[in-house]
Amino acid sequence: MVGVRRWWPGFVALSAIWGASFALIKVAVDAGVPPVWVALWRSLLGATTLWAVLLLRGGRAPRDRALWGHSAVVAVLLNTVPFTLFSFGETRISSVLAGVMNATTPLFTLLFAVLTVPQERRPGARRLAGLALGFVGVLTVLGVWRGLGPGALAGALACLAAACCYGAGFAYLRRFLSGRPETVTTLSALQITCATAELALIAPAAGGAPHWPGGPAAAALLVLGALGTGFAYLLNLGLVRAAGTAVASAVTYVMPLWSTALGAALLAEPVGWNALAGGILVIAAVALTRPPGTRPGTPSAAAPRERRPVGSPGRGGAGG
């Protein structure tokens, strides 16, 4: 119980921050902030936070061109494209549905890992059943039997495409960056910096000139960027150190609960029975696709050190 009390507060805080990101995105896009500008502001604020932490720790920017190149690719897959897609999706669907769609990320990660990472074992019957169950869960969330209007369908597909990008990005990160000697803080700062630069190039053309969206939307963007795309990484790292990667990855199970509760309570978004049932199916599917021996809630024997790249450095808030 002592060990659980040590990591439990960080686990709850991290799941709440990342789960709340969908409601924060919704506040911003409903105030008229173009999706690409939501992505840019959260990346810029997240990068600023991470560089401040890195510099305070005595770190510095690497000069390895290959590292910057790989970081730029990872930024496209884990930040630039999915941040924009989730923001666009939430102009069409609720933050509740977007949060459930994000929960499919581990399923896409497994698919891409099997296809692209030589060390990944081929999935057995249990994990294949999990993938099939996840697909059923998504269809349940969407309520396909009722039919979807073109707007809602476009929003849902955008969020699924964002989760698919996350899956591809994690597979690329594992293959090309997991063995790097740099600290996770350094890799995170580089990744979010690349995303900021990429978005800065396209935001003026795709989203027009920036404008003041009002106090609530500006506050939402500040929290989304500095907290959800910056400081949350430090919480994630602390959780990995205290409890191991198995516990840290279990945040995926809890995030949909936060996104659903906050969307309903703060934004008065409807929560249909199919969203709840589909979310349960997706979470069950994620549980089935986990490798054997990695039960959530069981700390690994040795938590990785900060120098080792763990999980998803700089994902910037798995939510959205």
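This is a short walk through one protein chain, from its overall fold down to a few individual residues.

Hi everyone, and thanks for having me. Before anything else, please keep in mind that we are looking at a predicted model.

Let's start with the whole chain. The secondary structure is simple to describe: 12 helices and zero strands. If you read along the sequence, the pattern is α-α-α-α-α-α-α-α-α-α-α-α. The protein chain has 320 residues, and buried ones make up 52% of them. How about contacts? Taking those between residues at least 6 apart in sequence, 91% join residues at least 24 apart. As for the outside, the accessible surface comes to about 13800 Å², and carbon and sulfur atoms account for 70% of that.

Now let me pick out one helix. Helix 5 runs over residues 105–116, which makes 12 residues. From its first C-alpha to its last it reaches 16 Å, close to the 16 Å expected at 1.5 Å a residue. Which of its residues are buried? They are Thr105, Leu107, Thr109, Leu110, Ala113 and Val114. The cover over these buried residues includes helix 4 (95–102), helix 6 (125–142), helix 7 (150–176) and helix 12.

On to the charged pairs, which I think you will enjoy. How many salt bridges does a search of the whole structure find? The search gives two. One of them pairs Asp64 with Arg180, with the closest N and O atoms 3.0 Å apart. That pair links distant parts of the chain, 116 residues apart. Asp64 sits in the loop between helix 2 (35–56) and helix 3 (65–89), while Arg180 sits in the loop between helix 7 and helix 8 (184–207). Asp64 is partly exposed, at 31% relative accessible area. Arg180 has 18% relative accessibility, so it counts as buried, the cut-off being under 20%.

Arg180 also forms a salt bridge with Glu182, and here the closest N and O atoms are 2.9 Å apart. Both Arg180 and Glu182 are buried. Through shared partners, the salt bridges join Asp64, Arg180 and Glu182 into one network.

What about the cysteines? The structure holds zero disulfides. Take Cys165: the nearest cysteine sulfur belongs to Cys164 and is 6.1 Å away, and Cys165 is in no disulfide. A pair would need its sulfur atoms within 2.5 Å to count, which is why a 6.1 Å separation does not qualify. Cys165 is buried, at 16% relative accessibility. Cys194 is buried as well, with a relative accessible area of 8%.

Let's move to the surface. Leu222, Val223, Leu227 and Phe231 make a nonpolar surface patch of about 310 Å². Leu222, one of these, is found in helix 9, residues 215–243. Is Leu222 buried or partly exposed? Its relative accessible area is 48%, so Leu222 is partly exposed; exposed would take over 50%.

My last stop is a backbone detail. Most residues other than glycine have a negative phi. Ala268, though, has a phi near 55°, a positive value in a residue other than glycine. Where is Ala268? Its place is in the loop between helix 11 (251–267) and helix 12 (273–289). With 65% relative accessibility, Ala268 counts as exposed.

That's my tour. If you have the model open, Arg180 is a good place to begin looking, with its salt bridges to Asp64 and Glu182. Thanks, and I'm happy to take questions.

Technical notes:
Residues numbered from 1 in each chain as written. Predicted model: local features only at pLDDT ≥ 70, side-chain atom pairs only at ≥ 80, totals over all residues. Heavy atoms only, no water. Helix = DSSP H or I, 4+ residues; strand = E, 2+ residues; numbered from the N terminus. Buried < 20%, exposed > 50% of the residue type's maximum accessible area, 1.4 Å probe, protein only. Contact = heavy atoms within 4.5 Å. Areas by Shrake-Rupley, 256 points an atom, 1.4 Å probe, with all protein chains shown as cover. Expected span 1.5 Å × (residues − 1). Patch = residues over 30% accessible without salt bridge, like charges linked within 9 Å, V, L, I, M, F, W, Y side chains within 5 Å. Salt bridge = Lys/Arg side-chain N within 4 Å of Asp/Glu carboxyl O.
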